[in-house]
Amino acid sequence: MKYKNVSDEREDSMSGKAVSHRIQSSGQGTTAGVNLPARFPLTFKIGFWLSIVIAVAIVLRRVLALSTPPSRNAPPQLAGLDAYFAAHGVLTYVHILCALAFVLLLPLLFWRRTRNSATLQRAIFPLGVLVGITAYAMSTHAVGGWLERAAVILFNTLFLFALYRAWSFARSGDRPQQQRWMLRAIAILLGIATTRPVMGVFFATSPITRLTPAQFFGIAFWIGFSLNTVVMELWLRTKGNTAFA
């Protein structure tokens with residue numbers, strides 16, 4: 001009986017190692033993906049997809065503006081913005097194309113078939129770092145001056161910090177914490193899409209307010225990024241602890 005118990009323990013130990021090896025091989029516990037809880041707000045899901053569409057449209061519109069001659073029929077304010085970004089064309093291209101690749105990979109973080117992909121993790125984190133670094137560089141030429149620059153520096157730093165925390169928890173295999181921090185990073189990044197409707201309101205009301213892009217870009221950045229960051233943080237603090245337990 002004693003020999004049998006030792007044999008059983010050895011077999012259990014070997015079985016446990018085999019299971020652990022299979023988990024590591026499949027990437028579970030070391031990936032960037034997020035398994036959304038059943039009660040994840042529907043409004044968040046709708047907002048996510050709308051933000052993806054807006055972000056892609058922003059990049060495509062900017063690429064079109066950079067690659068074609070200026071339109072003579074464009075409104076003066078938009079024409080001025082196009083000329084501004086054209087003056088920093090290389091940096092703008094690097095930033096928006098990295099951001100486009102990052103945004104297009106985001107749905108894969110939630111799709112059951114791809115969220116545990118180690119390859120996805122190896123792509124998403126470096127792309128996020130590139131987006132953050134180029135955002136710092138872009139802020140030196142901020143349209144909205146120091147008000148916009150301050151918003152970019154603050155929220156870009158929060159984005160990179162959240163991304164680093166998600167990466168470190170993914171490395172240690174702490175899935176609940178990794179998923180929380182990944183959601184924080186995604187919410188902050190998509191704040192750039194939230195700023196666009198806000199800017200649209202400012203553009204539409206500019207004949208009345210007489211505000212120029214240099215005056216309202218900073219305000220729009222603070223509103224858009226703050227909204228995404230605060231809403232996600234409130235949900236994580238009230239519901240996220242139990243949702244990802």
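The exercises below work through the fold, the core and the surface of a predicted model.

**Exercise 1. Determine how many helices and strands the protein has, and in what order its elements run.**

Solution. Counting the elements gives nine helices and zero strands, and reading from the N terminus on, the order is α-α-α-α-α-α-α-α-α. Turning to contacts with a separation of 6 or more, residues 24 or more positions apart account for 77% of them.

**Exercise 2. Find which residues of the largest nonpolar core touch the most other members, and which helices supply at least two residues of this core.**

Solution. The largest nonpolar core holds 57 residues, and those that touch the most other members are Leu106, Leu109, Ile124, Met182 and Leu183. At least two residues of this core come from each of helix H2 (42-67), helix H3 (76-86), helix H4 (89-105), helix H5 (118-139), helix H6 (145-172), helix H7 (175-189), helix H8 (191-209) and helix H9 (213-243). Taking leucine 109 as the next step, and setting aside residues up to four places away in sequence, one finds that it touches Ala32, Gly33, Val34, Arg115, Leu120, Ile124, Met182 and Ile186.

**Exercise 3. Decide whether glycine 128 is buried or exposed, and identify what it touches.**

Solution. Glycine 128 is found in helix H5. Because its relative accessibility is 0%, glycine 128 counts as buried. When residues up to four places away in sequence are not counted, glycine 128 touches Phe102, Phe159, Leu160 and Leu163. Cysteine 98 stands 30 residues apart from glycine 128 in sequence, while the C-alpha to C-alpha distance between the two is 8.0 Å.

**Exercise 4. Carry out the same analysis for phenylalanine 202: is this residue buried or exposed, and with which residues is it in contact?**

Solution. Phenylalanine 202 lies in helix H8. Its relative accessibility is 16%, and since buried means under 20%, phenylalanine 202 counts as buried. Leaving aside neighbours within four places in sequence, phenylalanine 202 is in contact with Leu211, Phe216, Ile219 and Ala220. For one of these, isoleucine 219, the separation from phenylalanine 202 is 17 residues in sequence and 9.6 Å in space, C-alpha to C-alpha.

**Exercise 5. Establish what percentage of the residues is buried, what area the protein exposes, and which residues form a nonpolar patch on the surface.**

Solution. Of the 245 residues in the protein, 42% are buried. The protein exposes about 13,900 Å², of which carbon and sulfur atoms supply 66%. On the surface, Leu42, Ile46 and Leu50 form a nonpolar patch, and together they have about 310 Å² of accessible area. Leucine 50, one of the patch residues, lies in helix H2.

Key:
Residues are numbered from 1 along each chain as its sequence is written. This is a predicted model: local features need pLDDT of at least 70, side-chain atom pairs count only at pLDDT 80 or more; totals for chains, interfaces and linings use all residues. Side-chain values use heavy atoms; hydrogens and water are left out. A nonpolar core is a set of buried Ala, Val, Leu, Ile, Met, Phe, Trp, Tyr and Cys residues joined through side-chain atoms within 4.5 Å. Buried means under 20% relative accessible area, exposed over 50%, partly exposed in between (1.4 Å probe, protein chains only). Helices (H or I, at least four residues) and strands (E, at least two) are DSSP runs, numbered from the N terminus. Contact means heavy atoms within 4.5 Å. Patches are made of residues with over 30% relative accessible area and no salt bridge: like charges are joined within 9 Å, nonpolar side chains (Val, Leu, Ile, Met, Phe, Trp, Tyr) within 5 Å. Accessible areas come from the Shrake-Rupley method with a 1.4 Å probe; for residues, only the protein chains shown count as cover. A salt bridge is a side-chain nitrogen of Lys or Arg within 4 Å of a carboxyl oxygen of Asp or Glu.
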